[in-house]
Amino acid sequence: MVLKNKLNITQSSELARVEEKMTKQKAKELYDSGDIELAEVGTFKGLAYIHEYLFQDIYDFTGKIRDVNISKGGFRFAPVMYLSASLDYIDKMPQSTFDEIVEKYVEMNVAHPFCEGNGRSTRIWLDLIFKQELHQVVDWSLIDKEDYLLAMERSPIRDIEIKYLLKGALTDAIDSREIYTKGIDQSYYYEGYTTYTIEELPDEDQS
Ligand SMILES: Nc1ncnc2c1ncn2[C@@H]1O[C@H](COP(=O)(O)OP(=O)(O)O)[C@@H](O)[C@H]1O
Ligand SMILES: [Mg+2]
């Protein structure tokens with residue numbers, strides 16, 4: 001079953017390809033326009049801004065919390081009934097140390113506020129917290145896909161693995177556009193999107 005989308009695409013492989021192309025262009029625009037600076041750091045509001053920015057041309061539900069329960073690999077994300085309370089709680093979680101930031105990220109993943117696009121938008125959100133609070137960002141190209149996904153699967157019960165992976169990939173190169181673009185490509189690769197690299201795509205308004 002293909003998620004209902006604004007482009008009326010009914011074939012999952014086509015949706016994946018078009019979604020990758022359009023939203024990677026948006027991710028590039030988010031950075032190059034400086035709009036990324038407008039995202040509130042460490043709140044659901046900031047995450048919703050990023051989600052909407054990336055996915056608004058594809059889905060109706062962008063930036064809005066889901067109204068269905070979802071699970072992955074047998075793990076049930078926050079039930080709809082508690083989602084809004086959970087997001088209020090996460091907003092207030094501290095974010096001044098590395099451990100606090102990762103714990104906040106893990107909670108946001110457990111909340112999984114959107115029907116789709118949580119992984120890709122929450123990794124951008126995480127980097128903004130690291131950047132503001134620690135003056136570092138993650139070099140995602142240093143984190144292997146299988147290691148990452150296993151660590152995230154384990155994170156609700158034990159966050160030591162994701163902490164280890166993220167710690168080993170922090171870099172001081174916070175103003176490097178290349179770290180950002182390579183990070184987006186890696187983030188998409190984690191989710192199975194590997195048709196385009198962000199650099200080979202034309203800017204959004206030229207395509
Ligand atoms: N079994 C799991 N338990 C907890 N978190 C998971 C599990 N499987 C995947 N995840 C997290 O969910 C993210 C994928 O969520 P999803 O909404 O599909 O994002 P995207 O659309 O960007 O792929 C992964 O990147 C990972 O962080
Ligand atoms: Mg997905």
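Modeller: A residue is called buried under 20% relative accessible area, exposed over 50%, and partly exposed in between. The model discussed here is a predicted one.

Colleague: Why is Tyr49 called partly exposed?

Modeller: The relative accessibility of Tyr49 is 25%. Because this value lies between the limits of 20% and 50%, Tyr49 is assigned to the partly exposed class.

Colleague: What makes Tyr53 buried?

Modeller: Tyr53 has a relative accessible area of 9%, and the limit for a buried residue is under 20%. Tyr53 is therefore buried.

Colleague: How many aromatic pairs does the structure hold, and why is the pair of Tyr31 and Tyr180 called stacked?

Modeller: There are 11 aromatic pairs in the structure. In the pair of Tyr31 and Tyr180, the ring centres are 4.5 Å apart and the planes meet at 25°. The centres are thus within 6.5 Å and the planes under 30 degrees apart, so the pair is stacked.

Colleague: Which parts of the chain does the pair of Tyr31 and Tyr180 tie together?

Modeller: Tyr31 belongs to helix H1 (residues 12–32) and Tyr180 to helix H8 (residues 177–190), so the pair ties together parts that lie 149 residues apart in sequence. Both Tyr31 and Tyr180 are buried.

Colleague: What makes the pair of Tyr49 and Tyr53 tilted?

Modeller: The planes of Tyr49 and Tyr53 are 50° apart, and the centres are separated by 5.9 Å. That angle is neither under 30 degrees nor over 60, so the pair is classed as tilted. Tyr49 and Tyr53 are 4 residues apart in helix H2 (residues 44–55), which means a separation of about one helical turn.

Colleague: Which residues do ring pairs link into a cluster?

Modeller: Phe55, Tyr59 and Phe61 are linked in this way.

Colleague: How do you know that Arg120 lies over the face of Tyr188?

Modeller: Arg120 is at 4.9 Å from the ring centre of Tyr188. The cut-off is within 6 Å, with a further condition of within 35 degrees of the ring normal; Arg120 is listed as lying over the face of Tyr188. Lys145 likewise lies over the face of Tyr189, at 5.0 Å from the ring centre.

Colleague: Which residues lie nearest the centre of the largest pocket?

Modeller: They are Lys72, Phe77, His112, Leu149 and Glu191, out of a lining of 23 residues. Strand E1 (71–72), helix H5 (118–134) and helix H6 (145–154) are the elements that give two or more residues to this lining. The volume of the largest pocket is about 530 Å³, and its lining divides into 10 nonpolar, 7 polar and 6 charged residues.

Colleague: Where does the stacked pair stand with respect to the second largest pocket?

Modeller: Tyr31 and Tyr180 are among the residues nearest the centre of the second largest pocket, together with Ile36, Asp127 and Val137. This pocket has about 290 Å³ of volume and a lining of 20 residues. H5, strand E3 (137–138) and H8 each supply at least two of them. By class, the lining comprises 12 nonpolar, 3 polar and 5 charged residues.

Colleague: What makes the largest cavity count under the rule of 30 Å³ or more?

Modeller: Its volume is about 50 Å³, and by the rule the count comes to 1 cavity. The lining consists of Tyr105, Met108, Asn109, His112, Asn118, Gly119, Thr122, Tyr148 and Met152. Helix H4 (98–111), H5 and H6 each give at least two residues to it, and the lining holds 4 nonpolar, 5 polar and no charged residues.

Colleague: Why is the phi of His112 worth a remark?

Modeller: Most residues other than glycine have a negative phi. His112 is not a glycine, yet its phi is positive at about 45°. His112 is located in the loop between H4 and H5 and, at 6% relative accessibility, counts as buried.

Colleague: Is His135 buried or exposed?

Modeller: The relative accessibility of His135 is 52%, over the limit of 50%, so His135 counts as exposed. His135 is in the loop between H5 and E3 and has a positive phi near 55°.

Colleague: How do you know that Ser33 is partly exposed?

Modeller: Its relative accessible area is 40%, between 20% and 50%, and Ser33 is therefore partly exposed. Ser33 lies in the loop between H1 and H2, where its side chain reaches the backbone oxygen of Glu29 at 2.6 Å. This distance is within the 3.5 Å limit for a polar contact.

Notes:
Residues are numbered from 1 along each chain as its sequence is written. Chains are lettered from A and ligands numbered from 1 in the order in which they are written. This is a predicted model: local features need pLDDT of at least 70, side-chain atom pairs count only at pLDDT 80 or more; totals for chains, interfaces and linings use all residues. Side-chain values use heavy atoms; hydrogens and water are left out. Rings of Phe, Tyr and Trp (its six-membered ring) pair if their centres lie within 6.5 Å; planes under 30 degrees apart count as stacked, over 60 as edge-to-face and the rest as tilted. Buried means under 20% relative accessible area, exposed over 50%, partly exposed in between (1.4 Å probe, protein chains only). On a 1 Å grid over the protein atoms alone, a cavity is a set of points where a 1.4 Å probe fits but cannot get out, and a pocket is an open set with protein on both sides within 12 Å along at least five of seven lines; lining residues have an atom within 4 Å of a point. Grid points are joined across faces, edges and corners, and a volume is the space filled by probe spheres set on the points. Ala, Val, Leu, Ile, Met, Phe, Trp, Tyr, Cys and Pro count as nonpolar, Asp, Glu, Lys and Arg as charged, and the others, Gly among them, as polar. A polar contact is a pair of N or O atoms within 3.5 Å; within protein, one must be able to donate a hydrogen and the other to accept it, and residues adjacent in sequence count only if both atoms are side-chain atoms.
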